[in-house]
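Thanks for sharing this one. Here are some notes to read alongside the structure, in no strict order of priority.

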Amino acid sequence: MSFPFFVARRYLVSKKSTNAINLIAIISVVSVTTGTAALVIVLSALNGMTDIVKSLYNSFDPDIKILPAQGKTFIPGDPFSKVENIPGVKYYCEALQENALVRHDDKQHVCVVKGVGKSFRALTGLDSAVIAGRYNLDHDTIVPCLLGGGVAARLDVAITQYGIPPMIQFYVPRRDKRAVTGEEDAFYIGLCYPTGVFSLNDDFDFKYMLIPLEDARKILGYGKEVSSVEIGLDAGADADAVKEKIQTLLGGNFTVKTRFEQNEVLFKTLRSEKWWTLLIMAFIMVVGTFNVIGCVTMLIIEKKKDLYILSAMGCSLGKIRRIFLLEGMLIVFSGAAIGLGIGLLACWLQQTFHLIPFSEGFIIDYYPVDIRSGDLLVILSVVGITGVVAGWLPVLRLKTAQFT
């Protein structure tokens, strides 16, 4: 144990002649403890909520989506037959979508009718989000459909296990130019029955109605056209690398987007929200370290006689400065260690016992938390820098003439 550290440790635990110094030291430790625990809990909670949001979008959006660079639809040509053979590609699904007016009895709602291939279920795992009925888009004499929860609510559609399914009409504007003399001339009119209702979040629940791809082509008046080709990847595959290969294969007539790029604004917002929160919490912690600066300054004043003795014994100015620098760092790191323990304990309790539940209607029952080692390293870095600065500022004014 070095001499400066030994002296700094004794100063930390010894009783001071002035009670105010002891009180300020305690307040300093408590403020750092509170700030560190708050950082651990808040960042872990943000991680948990971010994971939930990502999982919701992962249940509908593919890993990679291929769109036409111009126009709404395209016919997949020969290059698309090679996409499935690219390493990392597991699922290949064509999709066709169009805005439509859907009606049930006297209720109506504008949504997107999306025709999907049979691999869409395995690609997205959407069947796990079905809250009523079941995922069933197998072709029948009448078109089956899967409704978003919001669409079903707006249409007042209830799916029972043994009852006769309600019939839904949907109207899609005709693509061919013709004289409009009535409703049938202006719209394609389709009839379908819902087999299930899925619920993810309002972005999907109030927007989509899924039907089989072949039925969508017939109803919407298309041949082999699609709106997009959706790709699912093997676990562990590099989405950016696969995207580059697909883009090189297809050329500039198509736009290839990863899941992040499909929802770029959302994911950037989630990421920036976390780091802005870290910045604000770190600033609060920095304000709290003014207590440490005051504590070390008052300790220097109180221990002036000790400094005379240390200087007379041959202790250099550098070592004396190091004593009080370590004193400030010990205060900060003591609070940080306690705060880290409290924060981790609180997160563990929430993960294990679900102490803070959500009210009914949420997709999960309790507030999610996710502890990440990277966040803990960032927190310790912030605390470390804060400790060095808090300990160093008071000792800068120490000069040999003060105690010789």
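1. Let's begin with the buried residues of helix H8: Leu 213, Asp 215, Ala 216, Arg 217, Ile 219 and Leu 220. Please keep in mind throughout that this is a predicted model. With 6 of its 8 residues buried, helix H8 (residues 213-220) is largely enclosed by the rest of the structure. The list of buried residues includes Asp 215 and Arg 217 alongside Leu 213 and Ile 219.

2. What covers the buried residues of H8? The cover includes strand E2 (89-104), strand E3 (107-116), strand E5 (143-148), strand E6 (168-173), strand E7 (187-198) and strand E8 (208-212). If you follow the chain out of the helix, you meet Gly 221 just after H8, with a positive phi of about 80 degrees.

3. Two other residues have a positive phi without being glycine. Asp 105 has a phi near 55 degrees and sits in the loop between E2 and E3. His 354 also has a phi near 55 degrees, and its place is the loop between H14 and H15. As for their surroundings, Asp 105 counts as exposed because its relative accessibility is 64%, while His 354, at 34%, counts as partly exposed.

4. Now for the salt bridges, of which the model has 14. A good one to look up is the pair Lys 114 and Glu 230, whose side chains meet at 2.8 Å, N to O. Lys 114 belongs to strand E3 and Glu 230 to strand E9 (residues 228-233), so this pair ties together parts that are 116 residues apart in sequence. Are these two charged residues buried or exposed? Lys 114 is buried, with a relative accessible area of 1%, and Glu 230 is buried too, at 0%.

5. The salt bridge between Asp 127 and Arg 121 has an N to O distance of 3.4 Å. Here Asp 127 is partly exposed, at 32% relative accessibility, and Arg 121 is partly exposed as well, at 37%.

6. Another salt bridge joins Arg 372 to Asp 370, with the closest N and O atoms 3.0 Å apart. Arg 372 has a relative accessible area of 31% and is partly exposed; Asp 370, at 22%, also counts as partly exposed. This pair belongs to a network of salt bridges that links Asp 51, Asp 370 and Arg 372.

7. How do helices H12 and H15 pack? Helix H12 (residues 290-302) and helix H15 (residues 373-395) meet at an angle of about 35 degrees, their axes lying 9 Å apart. Their crossing is right-handed. On the H12 side the contact is made by Val 292, Ile 293, Val 296, Thr 297 and Ile 300, and on the H15 side by Ala 390, Leu 393, Pro 394 and Val 395. A reminder that helps when reading the H12 list: an α-helix has 3.6 residues a turn, so residues three or four places apart point the same way.

8. On the surface, which residues make the nonpolar patch of about 640 Å²? They are Leu 345, Trp 348, Phe 353, Leu 355, Ile 356 and Tyr 367. One of them, Trp 348, lies in helix H14 (residues 317-353) and is partly exposed, because its relative accessibility is 44% and the partly exposed class lies between 20% and 50%.

9. Pro 68 is worth a look in strand E1 (residues 64-68). Pro 68 is buried, with a relative accessible area of 13%. Leaving aside residues up to four places away in sequence, Pro 68 touches Thr 73, Phe 74, Ser 227, Asn 253, Phe 254 and Thr 255. To set a scale, Pro 68 and Val 151 are 83 residues apart in sequence and 28 Å apart in space, C-alpha to C-alpha.

10. Last, where is Asn 136? Asn 136 is in the loop between strand E4 (130-133) and E5. Although it belongs to a loop, Asn 136 is buried, with a relative accessible area of 14%. Beyond residues up to four places away in sequence, Asn 136 touches Pro 144 and Thr 195.

Methods:
Residues are numbered from 1 along each chain as its sequence is written. This is a predicted model: local features need pLDDT of at least 70, side-chain atom pairs count only at pLDDT 80 or more; totals for chains, interfaces and linings use all residues. Side-chain values use heavy atoms; hydrogens and water are left out. Patches are made of residues with over 30% relative accessible area and no salt bridge: like charges are joined within 9 Å, nonpolar side chains (Val, Leu, Ile, Met, Phe, Trp, Tyr) within 5 Å. Accessible areas come from the Shrake-Rupley method with a 1.4 Å probe; for residues, only the protein chains shown count as cover. A salt bridge is a side-chain nitrogen of Lys or Arg within 4 Å of a carboxyl oxygen of Asp or Glu. Helices (H or I, at least four residues) and strands (E, at least two) are DSSP runs, numbered from the N terminus. Buried means under 20% relative accessible area, exposed over 50%, partly exposed in between (1.4 Å probe, protein chains only). Axes are lines fitted to C-alpha atoms, for helices over the stretch in contact, and angles run from 0 to 180 degrees between N-to-C directions. A crossing is left-handed if the near helix is turned anticlockwise from the far one by less than a right angle, and right-handed if clockwise. Contact means heavy atoms within 4.5 Å.
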